[in-house]
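Student: Could you take me through the site around ligand 1 in some detail? I'd like to know which cavity holds ligand 1 and what surrounds the ligand there.

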Protein chains: 2
Amino acid sequence: MTKLDLNFEPAEQLDLKDLNEHVLKAEYAIRGAIPTRAEQIQDQINLDPESVPFDKITTANIGNPQQLQQKPLTFSRQVVSILQYPELLKHKEILVQSRAYNSDSLDRASILLDKIGGSVGAYSSSQGVQGIRQTVANYITKRDDGEPASPNDIFMTDGATRAVTYLLSLLCRGPQNGVLIPIPQYPLYTASLTLYDTVAIPYYLDEKSGWSTDANEIESEIKKSIENNVKPSVIVVINPGNPTGSILKPEVMEDIVVLAAKYGLVILADEVYQENVFSEERKFYSFKKILRDLQKRHTKLFDNVQLASIHSTSKGVFGECGQRGGYLELIGFKKSVREEILKLASLSICAVITGQAMVDLMVNPPSEGQPSYEMDKNERLHIHNTLKQRGELLYQTFQQLEGIECQKPQGAMYLFPRLYFSQKVINAAKDADLQPDEFYCHALLESTGICVVPGTGFGQEEGTWHLRTTFLAPGTEWIQKWKSFHQEFYKKYAD
Amino acid sequence: MTKLDLNFEPAEQLDLKDLNEHVLKAEYAIRGAIPTRAEQIQDQINLDPESVPFDKITTANIGNPQQLQQKPLTFSRQVVSILQYPELLKHKEILVQSRAYNSDSLDRASILLDKIGGSVGAYSSSQGVQGIRQTVANYITKRDDGEPASPNDIFMTDGATRAVTYLLSLLCRGPQNGVLIPIPQYPLYTASLTLYDTVAIPYYLDEKSGWSTDANEIESEIKKSIENNVKPSVIVVINPGNPTGSILKPEVMEDIVVLAAKYGLVILADEVYQENVFSEERKFYSFKKILRDLQKRHTKLFDNVQLASIHSTSKGVFGECGQRGGYLELIGFKKSVREEILKLASLSICAVITGQAMVDLMVNPPSEGQPSYEMDKNERLHIHNTLKQRGELLYQTFQQLEGIECQKPQGAMYLFPRLYFSQKVINAAKDADLQPDEFYCHALLESTGICVVPGTGFGQEEGTWHLRTTFLAPGTEWIQKWKSFHQEFYKKYAD
Ligand SMILES: Cc1ncc(COP(=O)(O)O)c(C=O)c1O
Ligand SMILES: Cc1ncc(COP(=O)(O)O)c(C=O)c1O
C-alpha cells in the first residue's frame with residue numbers, strides 16, 4: 001500500500017503541445033498518408049476480399065525488394081544461418097552431401113565467426129567488428145581503383161539510416177546552421193533537419209537534363225544562405241539518385257568537391273545505390289575516387305575536404321532491407337570529430353551483428369574457383385538484369401501515356417515521372433484539400449491497389465507535379481492496371 | 001574537368017567548435033576511458049603477450065553475456081537460422097534425423113516466416129511485425145496475471161536503447177523541461193538528456209536500505225524543480241536496477257504511480273532485467289500490473305497515468321545483445337501522441353527483423369510436450385542458476401575485503417559496491433587528475449586486466465565512491481586476482 005496521500009487532483013494526459021515541437025514538424029511521406037491508407041485497405045482485403053476492386057496492394061512506395069518476392073542471395077543467407085546456429089558446422093559432411101549447403105559457406109561462416117569473436121549474440125565494439133571493417137576497406141580500395149581505404153575510417157551502422165542520423169545529429173547546430181539538400185530528395189534528410197532544428201538549404205536538380213546538378217545553382221544558394229546568416233556546413237548528395245534515378249557525371253562531382261573545399265562543406269555522399277546502375281552511358285564514380293583524383297592533381301587545395309560516404313545492404317542486388325546492415329566511411333575528418341561520431345555510436349552500443357556480417361558478405365562475394373562462385377555470380381546478374389528490365393518496361397509504358405513525362409532510368413530503383421494536370425484535376429484536388437499529385441496517387445491507390453508516393457513528399461519545383469514509383473514489382477499486370485487507370489483518369493478530368 | 005574557378009582559399013577542417021554542443025557534452029562511461037584503455041591493452045596483448053602481467057582482459061564493464069562464453073539458447077538459434085535460410089525447411093527429414101535440428105524448431109520457423117511475410121530481408125511495418133507484437137502481448141498478459149495487453153500498444157525496437165531514444169526525443173522539450181532519473185543510473189539516460197538539452201532531475205537511491213527508492217525524496221525533487229521553472233514530465237525507473245542490482249517493492253512502485261498521477265509524469269519503466277531476479281525475498285512486479293491494480297481500487301484517480309515499459313533480448317537468460325531485439329509497450333497515451341512515436345520509428349524504417357523474431361522466441365519458449373521443451377527449460381534454468389551463483393560468489397568475496405561495502409544482489413547482472421579510500425588514495429588520485437574510484441579502477445585494469453566502470457560514470461552521492469562490475473565472467477581465477485590486487489592496493493595506500 002502506498003503511504004502517500006491520495007487526496008489530489010489527477011493531472012491531464014499529455015497532448016501534442018507537451019511534445020518536442022521539432023518531432024511534431026517532421027514529415028516522412030514514404031510512410032505517410034497514402035501508405036497508411038494502403039495498410040488500411042490491406043486489412044480490409046483480409047477481412048472481406050470482395051470489398052475492393054482489386055485483390056492485393058502493390059507496394060511501389062518503398063524500395064523493399066524482398067517484400068516483392070526478390071530472392072535473397074543464397075551464399076550470404078547460408079553463411080548467416082550458420083552464424084546464428086554454429087552447431088551446423090559440426091554437421092558439415094551431411095549438409096554438403098545433401099546439398100543443403102555449399103562447403104565454402106561453411107568455411108566462410110567459420111572465418112566470420114572468428115572475426116566476430118564467436119557469437120552474433122554479443123555486442124561488438126561500437127565502431128563495429130574490426131575484421132568486417134577490414135573487408136569493407138578492401139572492397140572500397142578495389143572499387144576505387146586502388147585508392148587505399150582503412151578499417152579505422154569505417155563505422156558499421158544499422159542500415160544507412162543510422163549513419164545519416166549520426167552525421168546530421170553531430171553536424172547540425174541549430175537555426176544558424178544549414179545543410180544543402182537536393183530537391184527532390186529522400187525525405188529522411190528533410191525530416192532529420194527538422195528534428196535537429198537546422199535549416200534545409202534546397203538546391204534544385206534539373207529535370208530537363210535528366211535531373212542533373214548545377215554547381216552555379218548550388219553556389220548561389222550557398223551565397224544567399226550566408227547573406228541570411230545561415231552558415232552551410234554540409235552538402236548532401238544522393239548518387240545514384242533517389243527519387244530521380246539519375247547518376248552524376250564525374251565533372252559535376254568535381255564541381256561539388258570544389259564547392260566543398262571553398263566553403264568548408266562536409267560532403268555527405270549517400271551512395272546506397274552504387275550497384276544499381278542501369279545506363280550504358282553512365283558509370284558510378286564514388287565521391288572518394290573523385291576527391292582523391294583532385295587531391296593528386298592540385299596540391300593542398302583539396303586537403304581539407306571532408307567526406308562521409310554511406311552504403312547499405314538494403315539496395316543493390318542484395319536487397320536485404322530487414323537485416324539493417326550499413327556502413328559509413330569518414331575521410332578527412334579530425335580525430336577529435338571522429339571520436340564524437342564514435343561516442344554517438346557507443347550510445348546505441350553497436351550495430352546488429354548479423355547486419356554487420358551481411359555487409360561483409362555483400363562486398364566480398366565468393367571468389368572464382370570456390371564452389372558457390374558461379375551460383376552467386378548468376379544470382380547477382382539475374383537480379384540486376386531483372387531490375388533493369390522492369391525499369392525499362394515501366395519507363396516505356398509512361399512514354400506512351402498522355403500527361404506523363406519521364407526521364408530515362410539510369411540507376412537506383414525508382415522512376416520520378418512528371419504529371420501534367422488539367423484545371424479540372426487541380427480544382428477537384430483543391431476540393432478534396434489535397435495537392436494534385438496527392439489526389440492522383442490517392443485515386444490510383446483506391447482503384448488499382450497500387451501504392452506510390454506523390455512528388456510533394458520529396459520536394460519539387462513549384463507548379464510541377466510528380467510521383468515516385470519503384471520498379472520492383474514483378475509481372476506486367478500491375479502496369480496494365482495503372483495504364484487503364486491513367487487513361488480513364490485523364491478522360492474523366494479532361495478540360 | 002570542373003568548370004569552376006580554382007582560385008580560392010581552401011576552408012578549414014571542422015573542429016569541435018563547429019559541432020553540436022549537446023553531443024560534445026554527452027558522456028557515456030560504460031564505453032568511456034577505462035574500456036578504451038582496456039581495448040588498447042588487448043591490442044598490445046595480441047602483439048606482445050609478454051608486455052603485460054596477465055594474459056587477457058576480463059570485460060566486467062558491460063552486461064554482454066555471450067562475450068563471456070554464455071551459450072545462446074539452442075531452440076531460438078535453431079529457429080532464427082532457418083529464418084535466415086528457409087531452404088533448410090526442405091531438408092527437414094535429414095536435419096531431424098541427424099539431430100542437427102529438433103522438429104519443432106522447423107515448425108516454429110515456418111510459423112514465424114509466415115508472420116514476417118516470407119523474408120527477414122524485407123522491411124516490416126515501422127511498428128513491427130503484427131504477429132510478433134501479438135506474441136509479446138500474450139506474454140505480457142500472462143506475466144501480469146491476466147491484465148490484457150494489445151499488439152497495438154507494442155512497438156518493436158532495435159534493442160531497448162532505441163525505445164529509450166524514441167521516447168526521450170519525443171518527450172524532451174528543452175531546458176524548461178526535466179526528466180527524473182535515479183542516481184546511480186544507467187548512463188544512457190543522462191547522455192540522452194544532455195543530447196536533447198533537457199534537465200536531468202536526480203533522485204537518489206538509498207544505499208543503506210539496499211538502494212531503495214523514497215517517494216518523499218522524489219516529491220521534494222519535483223517541487224524543487226517546479227519552483228525553478230523546470231517542469232518534470234517523465235520519471236525513469238530502472239527495475240531491477242542497473243547499476244544497483246536492487247528490485248523495487250510493490251509499495252514503492254505504487255508511490256511512484258501516485259506521483260505520476262499527481263504531477264502528470266510519464267513513467268518510463270526500464271524493465272530489461274525483469275527475468276534476472278535472484279533474491280528469494282523479492283519478486284518482480286511490472287509497473288503495468290501495479291498501475292492496473294491501483295486503477296481498479298481507485299476509480300478515476302489513475303486513469304490518466306501514462307506508462308512506457310521497455311524490454312530487451314539482451315539480458316535475462318537470453319543474453320542476445322548483438323541481435324538488437326527489444327520492444328516498447330505504451331499504456332494510457334493519447335492516439336495523437338502514439339502516432340508521433342510511430343513517426344519517429346518510421347524515420348528509422350523498421351527494427352531489424354531477426355531481432356524482432358528473437359523477441360518472439362524469448363517470450364514464447366517451446367511449450368510442454370514439444371520436442372525442445374525440456375532442453376530449453378534446462379538451458380534457461382542453467383543460465384539463471386549460473387548467474388545467481390556468480391553474483392553470490394562475487395558478493396561473498398567483497399564481504400571479506402577491507403574498504404568495500406556491498407549490498408546483497410537481488411537482480412540484474414551487476415554489483416555496485418561502495419569503496420572507502422584512505423587519504424593517500426585520494427591524494428594519489430588527485431595527482432593523477434582522476435577521481436579516487438577512477439584511480440582504483442585504472443589500477444585494477446593495469447594490474448589484473450579486469451575492466452570495470454567507476455561509480456562516477458553512473459552518478460553517486462557526493463563524497464562516496466563506488467564501482468560497477470558485472471558478475472558474468474566465468475571461473476574464479478579473476479576473482480582471486482581481484483582479491484589479491486585489492487589487498488595490495490589497500491596495503492600500499494594505507495594511511
Ligand atoms: C537514398 C537512401 N538513403 C538511405 C536509405 C536508407 O536505407 P537503409 O537504412 O535501409 O540502409 C534509403 C532507403 O530507401 C535511401 O533510398
Ligand atoms: C538498464 C538498461 N536499459 C537498457 C539497456 C540497453 O539494452 P539493449 O539496447 O541492448 O536492449 C541496458 C543495457 O545494458 C540496460 O542496462
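**The ligand 1 site**

Tutor: Ligand 1 sits in the largest cavity. A cavity here is a set of points, on a 1 Å grid over the protein atoms alone, where a 1.4 Å probe fits but cannot get out, and a molecule sits in one if more than half of its atoms lie within 2 Å of its grid points. Before we go on: this is a predicted model, where local features need pLDDT of at least 70, side-chain atom pairs count only at pLDDT 80 or more, and totals for chains, interfaces and linings use all residues. Residues are numbered from 1 along each chain as its sequence is written, chains are lettered from A and ligands numbered from 1 in the order in which they are written, and side-chain values use heavy atoms, with hydrogens and water left out.

Now the cavity itself. About 220 Å³ of space lies in it, a volume being the space filled by probe spheres set on the grid points, which are joined across faces, edges and corners. Its lining takes in 25 residues (each with an atom within 4 Å of a point), and A:Tyr186, A:Val272, A:Lys315, B:Tyr123 and B:Ile349 lie nearest the centre. Helix 7 of chain A gives the most to that lining, with four residues; helices are DSSP runs of H or I, at least four residues, numbered from the N terminus.

Next, the shell right around the ligand, meaning residues with a heavy atom within 4 Å of it. There are 15 of them, and the closest are A:Thr161, A:Asn242, A:Asp270, A:Ser312 and A:Ser314. The site is shared between chains, because residues from both A and B surround ligand 1. Helix 7 (residues 159-171) of chain A turns up again here, giving the largest share of the shell, three residues. By class you get seven nonpolar, five polar and three charged residues, where Ala, Val, Leu, Ile, Met, Phe, Trp, Tyr, Cys and Pro count as nonpolar, Asp, Glu, Lys and Arg as charged, and the others, Gly among them, as polar.

As for polar contacts (pairs of N or O atoms within 3.5 Å), the side chain of A:Asn242 puts an N or O atom 2.6 Å from an oxygen atom of ligand 1. A:Tyr273 does likewise with its side chain at 2.7 Å, whereas A:Ala160 uses a backbone N or O atom, 2.7 Å from a ligand oxygen. Taken alone, ligand 1 exposes 390 Å², and the protein buries 99% of that (areas by the Shrake-Rupley method with a 1.4 Å probe).

How values were computed. Polar contact = N/O pair within 3.5 Å; in protein donor to acceptor, adjacent residues only side chain to side chain. 1 Å grid on protein atoms, 1.4 Å probe; cavity = no way out; pocket = protein on both sides within 12 Å on 5 of 7 lines; lining within 4 Å. Helix = DSSP H or I, 4+ residues; strand = E, 2+ residues; numbered from the N terminus.
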